[in-house]
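The exercises below ask you to work through the chains, their contacts and their sheets. Please keep the sequence and the coordinates open while you follow each solution.

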There are 10 protein chains.
Amino acid sequence: MKDTIISELYTKEDATAAILVAKKQMGLKWEEIAEKIGMNPVWTHSACMGMNAFPQDKAEAIATLLDLPADTVDALTESPTKIWSQTVPTDPCIYRFYEIVGVYGPTLKALIHEEFGDGIMSAIDFDMSVTRVPDEKGDRVKVEMSGKYLSYNAW
Amino acid sequence: MKDTIISELYTKEDATAAILVAKKQMGLKWEEIAEKIGMNPVWTHSACMGMNAFPQDKAEAIATLLDLPADTVDALTESPTKIWSQTVPTDPCIYRFYEIVGVYGPTLKALIHEEFGDGIMSAIDFDMSVTRVPDEKGDRVKVEMSGKYLSYNAW
Amino acid sequence: MKDTIISELYTKEDATAAILVAKKQMGLKWEEIAEKIGMNPVWTHSACMGMNAFPQDKAEAIATLLDLPADTVDALTESPTKIWSQTVPTDPCIYRFYEIVGVYGPTLKALIHEEFGDGIMSAIDFDMSVTRVPDEKGDRVKVEMSGKYLSYNAW
Amino acid sequence: MKDTIISELYTKEDATAAILVAKKQMGLKWEEIAEKIGMNPVWTHSACMGMNAFPQDKAEAIATLLDLPADTVDALTESPTKIWSQTVPTDPCIYRFYEIVGVYGPTLKALIHEEFGDGIMSAIDFDMSVTRVPDEKGDRVKVEMSGKYLSYNAW
Amino acid sequence: MKDTIISELYTKEDATAAILVAKKQMGLKWEEIAEKIGMNPVWTHSACMGMNAFPQDKAEAIATLLDLPADTVDALTESPTKIWSQTVPTDPCIYRFYEIVGVYGPTLKALIHEEFGDGIMSAIDFDMSVTRVPDEKGDRVKVEMSGKYLSYNAW
Amino acid sequence: MKDTIISELYTKEDATAAILVAKKQMGLKWEEIAEKIGMNPVWTHSACMGMNAFPQDKAEAIATLLDLPADTVDALTESPTKIWSQTVPTDPCIYRFYEIVGVYGPTLKALIHEEFGDGIMSAIDFDMSVTRVPDEKGDRVKVEMSGKYLSYNAW
Amino acid sequence: MKDTIISELYTKEDATAAILVAKKQMGLKWEEIAEKIGMNPVWTHSACMGMNAFPQDKAEAIATLLDLPADTVDALTESPTKIWSQTVPTDPCIYRFYEIVGVYGPTLKALIHEEFGDGIMSAIDFDMSVTRVPDEKGDRVKVEMSGKYLSYNAW
Amino acid sequence: MKDTIISELYTKEDATAAILVAKKQMGLKWEEIAEKIGMNPVWTHSACMGMNAFPQDKAEAIATLLDLPADTVDALTESPTKIWSQTVPTDPCIYRFYEIVGVYGPTLKALIHEEFGDGIMSAIDFDMSVTRVPDEKGDRVKVEMSGKYLSYNAW
Amino acid sequence: MKDTIISELYTKEDATAAILVAKKQMGLKWEEIAEKIGMNPVWTHSACMGMNAFPQDKAEAIATLLDLPADTVDALTESPTKIWSQTVPTDPCIYRFYEIVGVYGPTLKALIHEEFGDGIMSAIDFDMSVTRVPDEKGDRVKVEMSGKYLSYNAW
Amino acid sequence: MKDTIISELYTKEDATAAILVAKKQMGLKWEEIAEKIGMNPVWTHSACMGMNAFPQDKAEAIATLLDLPADTVDALTESPTKIWSQTVPTDPCIYRFYEIVGVYGPTLKALIHEEFGDGIMSAIDFDMSVTRVPDEKGDRVKVEMSGKYLSYNAW
């Protein structure tokens, strides 16, 4: 295999690495980056990791903000191929969400069916936020998801 | 194997079946059952499915409401063994939540770390709700999770 | 486990078995059943197998047509839990479709992105048909799928 | 292992990389490339990804069109080894097709058997197209597959 | 689940069991059964195991030969769903064939491509025989497979 | 890890790469190479891929024929470690053989037992050939395997 | 499924159960049973578990010794289908042998190749014994395996 | 990732590669190396492959014998992390031992329990040898394992 | 399969069921049962679940205490086959221990090697306790394991 | 992919490698390093392996102690992504702990429920130690874990 040809490609991995290096050098937080380009932090981080595609103007905004290489804008606007290699995530912070799906998945399904009918919550027309809720017994992580209800059709 | 001995056990599966049969005969919805026993529908369904343990008074309340066999109260208050057999859920409605964990898991982790420090959201000291949000472009499913932030300790 | 309690449930599996027995006794084909209840054969078979939910009127129509037990209508209208136990199907007829997804999946994705933008084809707002296309070199199976395009949103 | 020897091989991966780089530089779409070499876009993309073999004249046509290195023509005409590393695809756009096979696989099988007898749809003598169908409630992705019916023989 | 409904179905498993019981009582070998119904022993055994569908006349012939229950003919002529539960077979006799595919699979592929072009050997339009070849150093098992060559088409 | 030390090893992978490069430059087919060194094409390809060990004279013959680097002869005569990374092969041409083992494995076993007694066909004292059989309805691929029968012993 | 038909089969599982019940009632050890029928205890246990086939005379000997039902002799002489359901055994006593294969497998291979040439130890023409070796520091389990060397052939 | 830092580590893989290169240049067999350093060939090969730790004097002896780089002695005496990547080994020579564990594992367990009580054979306080046993019907591979019996304790 | 024969076996599962039923009827806790038979609660629960073998006197003590059927004593003293069906446990309480092994496994290994040399902690000559440690910030679960150090031997 | 961009990142892997190289050069043990920075050896090793995050002052202490590159402090204080690639660990020293979870997991769960109620032991608010316990019959490894009890809440 000719490594020289393949190394001519500028991929989303390159864009992610360039962002991480610049973010560290500038000492910025994800929330600050998100705010400066006018997007939600969840979406911003996800798109920087290569799991979502930036609209053209947002790609340009972040490239300007972080002074990224020229090819980065194109890479950031490409439709991503969403791959995760661990069928069951091992990192405890991520695993807990997997566990929640395992324990409460059938419940989510039953209540969606009861409230909406036979259908699902979209994971495409979807948004999410993470916030901190102060609590005397220990602050809480609040995760809010909202997805369009999609109804099965009979034909 | 002596099936007669084993059939003397009254398990959470028996309790679930008894609830499903009674619920159908009485024509009740999960939301109605939850309201009548004074609990959230997510938690109620989950405990009826054997994925959570009822407190004594709530077990008695649901047994009375649905006129369940005597052993049911004990079975409903036992600590459950939470088992799910599909590592990756196939049902589309549940799979979408698995997909969200795959796509946004690293993002949830990054933002929790940025906001709280090195730690996780608890899946034990945890609650969740499902609600319908009217939307002109199609109603949306809103899922809210709240879990206590747990910090790693160094020692 | 008390088998007596569990056997009081009338499930979609019961409905499927009842349909298969009646279909054989009456000597009907899926296409004929579909035609008589005014639905597409793909959808009809799928719903009879418990992989889709019948609307009330169609459940009643098939129950009348096949003279099914009374509980069947309820079972057929319940939202199904879609479970398949073979991650990779072994049956050659079904495997070939899995193979097509493996070989052409990235191509479907690339062309959808090129034509529509960053998004997917819905598998929920979806329909499919199977037809026979006469061909001198051997008749062909034609499968047509149509799903609503769902666009990722940025937020 | 002597990396120098192995790097003398010019593989289909090299050809794919060369095509992707040239395609980007020339600003061409898959549909345009396909049209210029007189082939269907599905097939063209698939063969460029190394999942199908170009006939000699088409390999030469694309090499001329994109000004590819000399060894590319040979690489593009070689019979591919079709490998996909994810047993279950994680990318949502591709996963939906996997889900369709899971949900409707037994239905496709039943209807093929009913219409044709005991056999399968070929995934070799096969073609596919993707088109956009305008729809007021949102445009639809239409996927059409056609494969030769292959009958089991008894012997 | 209502076991009574499900037990009304007469399946291929029932037919296989009925054949095995009758075969033992009559003291017949697979080769004898095959000869008496005028088919190859490989095909005959496979169809009796529910992995292939008997033509009507052959199903009737075996039913008469072995004096099988009336429903058996129908079950034997149904298109089978070919399921094997061990991804890698553990039985040593079957495993050796899996091993051969692992070791020689790429070789079979390379030689088919060299001799025929880009395509495969059909496993549908296919037949196989097993014979004993006397050999001084120990008799040999000879397995002969023949499948129609299927060529990939470009479109 | 010191890459310099590891790169001093000349492995079977190096030998395979050297053979593939030379074969392409000389424009030889596997059948021609096999004929020139006096071996069967199946065995020759397999040994060149590193799945079998060349006898000393054959390794020298192929090294002379293809003008291979000096270390190649040693590498080709080493006993191979037979590794395949896909438990289930995805390439359609190889998969079909896996499918044949799945469908007909129990049949091969039953007929071997009926004809020979309790034992297996060896995959070690084994040979195989691939030939083209002209057929009006489309040429056929014929695969012949022959392995020594090995009988279980009781002790 | 007609359970009545299937329950007419007398399988190796039945034979194993019958042996275990009789062995317990008679208070015999495997070593005593083996001695009384004139076989090695390893082989005897394995054949009683359905993992090997008894020769006719040994099947009759054990049936007489343990006063087994009539059908048992036939079941014990049938060629077994060797199935183990745990890819990696969990029982600690069995797992240790799996671990030995993992740790020393490549070593066994290297030394067999060095001593014999390119080949393997047969697991079919094979025998094994387990003995107790007294040792001051704690008695030791001695396992001896002996299998015929099988050489790869070139063709 | 800074490759320069990681390449400063001298690992067991480096030691293995250095041994293999030297062994080949000196034309030594494992048995000869083992004899010269006064150890059993099984243990010697295993420790050279990085699956066991050399005592200091033996590490020095092999380093002197093969004229290995200075860091090798340290690497060879480190406690190894025993990793094998194939849950089920594919190499036929190693697979046969896996198969033996599958077929005879429960038997080994039963006989150990019968002879020793509830416990296992240690795979740590363990040794093994491989020898050639001449036999008229074909020489045999003899593998002898000896492990300390470890008894479960009740507490 | 003759279910009647198989149901004559009285297995450890029967013993476990009998204990669970009696324990509930008598309203005993594991700690009370353990104390009454003079064993540790960890060991007692584990042996009642069929994961360890009772010594004769302890089996008799628990049988008397709980008034168990006669066959139970024999079943409780049999060496268990330790099987767990979930490679990765899903129950959150058990999963956390799996997670600890994943995160701290290499650390346990490094510190055992540093303190003891090349070896392991036995899981056979092993005991464990669970206790409650009062703590102002919330009580803690304390798990103490103690296993004999087993040293690798060189030979 | 542009390797130059990615190699600008200084990761936890780099920090681990730098620590291992320095630790070897200075001839320090983990216990000594832990003591010098005032932390427990379990925690120290784990954080050096990249499985825990150092507090700022401890990162600086270890960087000073081992004279690590400047970027190391930042890398050591980052929240780790805890990944282990072997679902079931193969190294015998680590496997034994996995086995303990398999055998005693349900027991740990039962006793925690009995003592505390429905909840789990935290693996986050958690600490562990490893010590050597002298014993005449062979020294023992003692592992003590302590985790905060977390109670399920009903809502």
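Two strands are said to pair if DSSP finds at least two bridges between them, where strands (E, at least two residues) and helices (H or I, at least four) are DSSP runs numbered from the N terminus. This is a predicted model, in which local features need pLDDT of at least 70 and side-chain atom pairs count only at pLDDT 80 or more, while totals for chains, interfaces and linings use all residues. Residues are numbered from 1 along each chain as its sequence is written, and chains are lettered from A and ligands numbered from 1 in the order in which they are written.

**Exercise 1. The hairpin of chain I**

Describe how strand S1 (residues 119-133) of chain I pairs with S2(I), and follow S2(I) to its partner in chain J.

Step 1. S1(I) and S2(I) run antiparallel to each other and are joined by eleven bridges; within this pairing, I:Val133 lies opposite I:Arg140 of S2(I).

Step 2. Six residues lie between the two strands of this hairpin, and I:Gly138 takes a positive phi near 125° there.

Step 3. S2(I) also pairs with strand S2 (residues 140-151) of chain J, again in the antiparallel sense and over nine bridges, and in this pairing I:Glu144 faces J:Glu144 of S2(J).

Step 4. Is S2(I) enclosed or open to its surroundings? A residue is buried if 20 or more other C-beta atoms, placed from the backbone, lie within 10 Å of its own, exposed if there are 12 or fewer, and partly exposed in between. Nine of the twelve residues of strand S2 (residues 140-151) of chain I are buried, so this strand is largely enclosed by the rest of the structure.

**Exercise 2. The side of chain F that touches chain E**

Work out which elements build the side of chain F that touches chain E, and how a sheet continues from one chain to the other.

Step 1. Taking two residues to be in contact if their C-beta atoms, placed from the backbone, lie within 7 Å, one finds 57 residues of chain F against 57 residues of chain E.

Step 2. In chain F, at least two residues of this side come from each of helix H3 (30-37), helix H4 (41-48), helix H7 (92-116), strand S1 (119-133) and strand S2 (140-151), and H7(F) provides the largest share, 23 residues.

Step 3. By class, this side of chain F holds 33 nonpolar, nine polar and 15 charged residues, where Ala, Val, Leu, Ile, Met, Phe, Trp, Tyr, Cys and Pro count as nonpolar, Asp, Glu, Lys and Arg as charged, and the others, Gly among them, as polar.

Step 4. Strand S2 (residues 140-151) of chain E pairs with S2(F) in the antiparallel sense over nine bridges; E:Val141 has F:Gly147 as its bridge partner, and E:Val143 stands opposite F:Met145.

Step 5. The result is an open, antiparallel sheet of four strands in the order S1(E)-S2(E)-S2(F)-S1(F), whose edge strands, S1 of chain E and S1 of chain F, each pair on one side only.

**Exercise 3. Chains J and A**

Determine what relates chain J to chain A, and what their contact consists of.

Step 1. The contact takes 13 residues from each of the chains J and A; on the side of chain J, helix H1 (3-6) and strand S1 (119-133) each supply at least two residues, with H1(J) giving the most, three residues.

Step 2. When the copies are superposed by least squares on the C-alpha atoms of residues with pLDDT of at least 70 in both, chain J can be laid on chain A with an RMSD of 0.0 Å by a turn of 72° and a shift of 0.0 Å along the axis. The two copies are therefore related as by a five-fold rotation axis.

Step 3. The copies use different surfaces, since 8% of the contact residues of chain J recur in chain A.

**Exercise 4. Annotated positions in chain A**

Locate A:Arg96 and A:Glu99, two of the positions listed by UniProt as "active site".

Step 1. The unreviewed UniProt entry places this feature at A:Arg96, A:Glu99 and A:Ser122, and such annotations may be inferred rather than shown by experiment.

Step 2. A:Arg96 lies in helix H7 (residues 92-116) of chain A and counts as buried, with 25 C-beta neighbours inside 10 Å; leaving aside residues up to four places away in sequence, A:Arg96 touches B:Ile120, B:Met121 and B:Ala123.

Step 3. A:Glu99 is found in helix H7 of chain A and is buried, with 23 other C-beta atoms within 10 Å; with residues up to four places away in sequence again not counted, A:Glu99 touches B:Ala123 and I:Pro92.
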